[in-house]
Amino acid sequence: MGLSRQKDQQASYPPRLGRAARGEQPKNGELAGAMPRRRRQQHMSNSVSICVIGSGYVGLVAAACFADLGHNVICVDNDEARVKLLCSGGVPIFEAHLSELLARHRGSGVVFTTNLAEGVEKSEAVFIAVGTPQGDTGAADLSYVEAVVSEIARSIAKYTVIVEKSTVPVYTNDWIRRVLHRHGVDPNHFDVVSNPEFLREGTAIADFLHPDRIVVGAGNERAAEVLRRIYGPLTSGSYYAKKGALPGACSRENPARLLVTSAQSAEIIKHASNAFLALKISFINAVANLAEDVDADIEDIAAGMGLDSRIGPKFLRAGLGYGGSCFPKDVAAFHWVAQQRGIDFQLLQEVRKINETQREVFFNKVLSALWTLRGKRLAALGLAFKGDTDDIRDSPAIDIIRKLLRAGAHVVAYDPAAMERAKEVLPPAENMRYAADLYQAAKDADAVLILTDWKEFAKIDLAQLNRAVHFPIVIDGRNLYKPEQMQAHGLTYVSVGRSAKYQAQEGKPRKAKG
Ligand code: NAD
């Protein structure tokens with residue numbers, strides 16, 4: 001197939017891009033400050049027209065942040081309901097600062113559509129930010145990426161830089177190039193660049209605008225230059241001097257750093273970074289289990305280790321292990337890549353094994369504290385895979401609640417942001433209820449379980465909690481408290497990597513169950 005561009009037949013919402021995106025003047029009543037794409041571009045010489053495909057945790061954050069850097073962004077998703085919500089002012093995910101950035105740029109710096117062809121035609125750089133979930137073999141399922149690349153191939157009419165932002169195994173860059181060739185796209189019309197994303201959910205906007213590093217895996221200077229322009233406001237520091245810039249670790253004097261590598265190196269940097277962080281978590285959890293057995297305190301041990309500047313304190317938090325949509329699948333995918341290349345990287349298998357065991361270890365703590373679970377009422381504080389997000393993908397909390405339900409327990413859960421998503425996988429039922437706040441969840445509970453490290457759960461009014469529960473037992477999978485604090489409030493406290501502190505009187509029910 002030559003470069004004849006087939007028109008996208010898919011229904012789109014809105015059917016065409018808004019007037020602002022088409023470079024037309026806004027009419028009366030349109031968003032104040034909404035500036036047509038072409039005029040905006042003329043105003044900012046370094047502005048790049050960008051298409052971001054995927055409006056999930058990465059795509060939406062990238063789209064909002066690129067707009068805040070002064071670029072013109074078309075954000076495409078094939079989920080019509082999601083695009084409709086975004087067009088009408090809604091925000092589909094819980095992420096600090098995202099609503100305000102979208103409110104600032106929606107309709108001017110960033111527009112939303114299902115029309116991928118139009119997004120690609122109008123853009124100099126096209127970022128692929130669709131999901132790369134774990135397949136049956138452990139390998140990343142790249143079918144979403146391939147589907148998007150095939151669609152892009154039908155719409156490229158001029159030189160365009162295709163940027164892989166999704167987390168992908170090494171050589172995906174090559175495959176994207178091959179797919180474009182197979183679709184007959186002129187090799188002079190594109191380059192493929194790897195630009196992995198390192199943001200963390202919960203602090204995604206701050207991470208994106210104040211990155212530790214920006215990695216660009218590019219095969220030539222022409223493509224690298226486009227990425228340098230896109231990230232220019234961060235690497236020159238000009239963004240940080242701008243009114244309304246989100247404050248953070250980078251500044252005009254200490255701007256973001258951009259590292260240009262080969263595509264393969266960039267792809268491996270992402271997988272290796274996530275695998276290394278997962279390793280740190282599994283390592284400290286294994287040490288925690290030992291510490292608990294010999295009456296040592298994992299918090300003291302982690303502090304002592306973390307003060308070594310070669311080790312550092314981050315990711316040395318003992319708990320329920322890692323979860324979420326990245327670490328589990330990325331460790332598996334990296335291990336799969338190594339196996340495919342005949343490299344013995346069993347260490348990654350051990351990292352996974354320790355992580356999976358950690359959830360069992362916690363479940364056994366609940367059993368040790370309560371003996372049997374059938375009919376027991378348990379308060380579950382937390383559903384998200386970590387604090388500050390509504391993401392429940394591979395959440396240890398959800399996994400543990402499922403185990404508790406299977407064992408016959410009745411669970412009353414509370415999470416500041418993730419309850420709606422959780423209800424989709426743990427529908428409300430007689431044995432699975434949701435509470436409006438943590439004290440309501442704890443009412444008449446036989447034990448309170450802390451499953452997610454929300455800040456709110458680290459400052460519970462312990463006297464109020466003690467009045468609410470049936471038995472004063474707290475089983476903390478996130479080590480949010482010092483055992484002495486709990487003891488001072490008459491609460492039995494079971495945590496991770498520290499010996500359990502039982503209260504002498506805890507066996508006596510102090511009031512009848514309501
Ligand atoms: P997500 O599931 O939240 O979002 C993916 C979006 O892509 C969805 O909205 C989906 O509808 C859309 N999509 C799928 N196919 C499409 C198509 N053909 N056309 C248009 N849109 C399509 O995923 P995410 O969490 O944003 O992750 C995206 C990628 O970024 C993954 O590879 C992930 O590993 C990586 N990543 C994620 C994080 C994170 O914290 N979530 C951090 C760094 C990297």
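**Exercise 1. Identify the handedness of the unit made by E4, H6 and E5, and describe how its strands pair.**

Step 1. Locate the elements. Strand E4 covers residues 125-128, helix H6 covers residues 143-153, and strand E5 covers residues 160-164. Helices (H or I, at least four residues) and strands (E, at least two) are DSSP runs, numbered from the N terminus.

Step 2. Assign the hand. E4, H6 and E5 form a β-α-β unit that is right-handed. A crossover has this hand if, with the strands pointing away from the viewer, the path from the first strand over the helix to the second runs clockwise.

Step 3. Check the pairing. E4 and E5 run parallel and are joined by 4 bridges. Two strands pair if DSSP finds at least two bridges between them. Isoleucine 128 has glutamate 164 of E5 opposite.

A note on the source: this is a predicted model, in which local features need pLDDT of at least 70 and side-chain atom pairs count only at pLDDT 80 or more, while totals for chains, interfaces and linings use all residues. Residues are numbered from 1 along each chain as its sequence is written, and side-chain values use heavy atoms, with hydrogens and water left out.

**Exercise 2. Follow E5 to strand E6 and state which unit they make with helix H7.**

Step 1. E6 spans residues 190-194 and pairs with E5 in the parallel sense, over 5 bridges.

Step 2. Valine 163 lies opposite valine 193 of E6.

Step 3. With H7 (residues 172-182) between them in the list of elements, E5 and E6 make a right-handed β-α-β unit.

**Exercise 3. Explain why E5 is described as largely enclosed by the rest of the structure.**

Step 1. Apply the cut-offs: buried means under 20% relative accessible area, exposed over 50%, and partly exposed in between (1.4 Å probe, protein chains only).

Step 2. Sort the residues by direction. Thr160, Ile162 and Glu164 point one way from E5, Val161 and Val163 point the other way, and all are buried.

Step 3. Conclude. Because 5 of the 5 residues of E5 are buried, the strand is largely enclosed by the rest of the structure.

**Exercise 4. Describe the directions of the residues in strand E7 and its pairing with strand E8.**

Step 1. In E7 (residues 214-217), Ile214 and Val216 point one way, Val215 and Gly217 point the other way, and all are buried.

Step 2. E8 (residues 258-261) pairs with E7 in the parallel sense over 4 bridges. Threonine 261 in E8 is the bridge partner of glycine 217.

**Exercise 5. Characterise the surroundings of the ligand and its polar contacts.**

Step 1. Count the shell. The ligand is surrounded by 26 residues (a residue is near if one of its heavy atoms lies within 4 Å), and the closest are Val58, Asp77, Thr132, Glu201 and Lys329.

Step 2. Classify the shell. The shell holds 9 nonpolar, 9 polar and 8 charged residues. Here Ala, Val, Leu, Ile, Met, Phe, Trp, Tyr, Cys and Pro count as nonpolar, Asp, Glu, Lys and Arg as charged, and the others, Gly among them, as polar.

Step 3. Find the helices involved. Helix H2 (57-68) and H6 each supply at least two residues of the shell.

Step 4. List polar contacts. A polar contact is a pair of N or O atoms within 3.5 Å; within protein, one must be able to donate a hydrogen and the other to accept it, and residues adjacent in sequence count only if both atoms are side-chain atoms.

- A polar backbone atom of tyrosine 57 is 3.0 Å from an oxygen atom of the ligand.
- A polar backbone atom of asparagine 78 is 3.3 Å from a nitrogen atom of the ligand.
- An oxygen atom of the ligand lies 2.6 Å from a polar side-chain atom of lysine 329.

Step 5. Give the cover. The ligand taken alone exposes 830 Å², and the protein buries 89% of that. Such areas come from the Shrake-Rupley method with a 1.4 Å probe; for residues, only the protein chains shown count as cover.

**Exercise 6. Decide whether aspartate 390 and aspartate 344 are buried or exposed, and find a side-chain contact of each.**

Step 1. Aspartate 390, in the loop between strand E9 (377-381) and helix H16 (396-406), has a relative accessible area of 6% and is buried. Its side chain reaches the backbone nitrogen of phenylalanine 94 at 3.2 Å.

Step 2. Aspartate 344, in the loop between helix H14 (327-340) and H15, has 67% relative accessibility and counts as exposed. The side chain of aspartate 344 reaches the backbone nitrogen of glutamine 346 at 3.4 Å.
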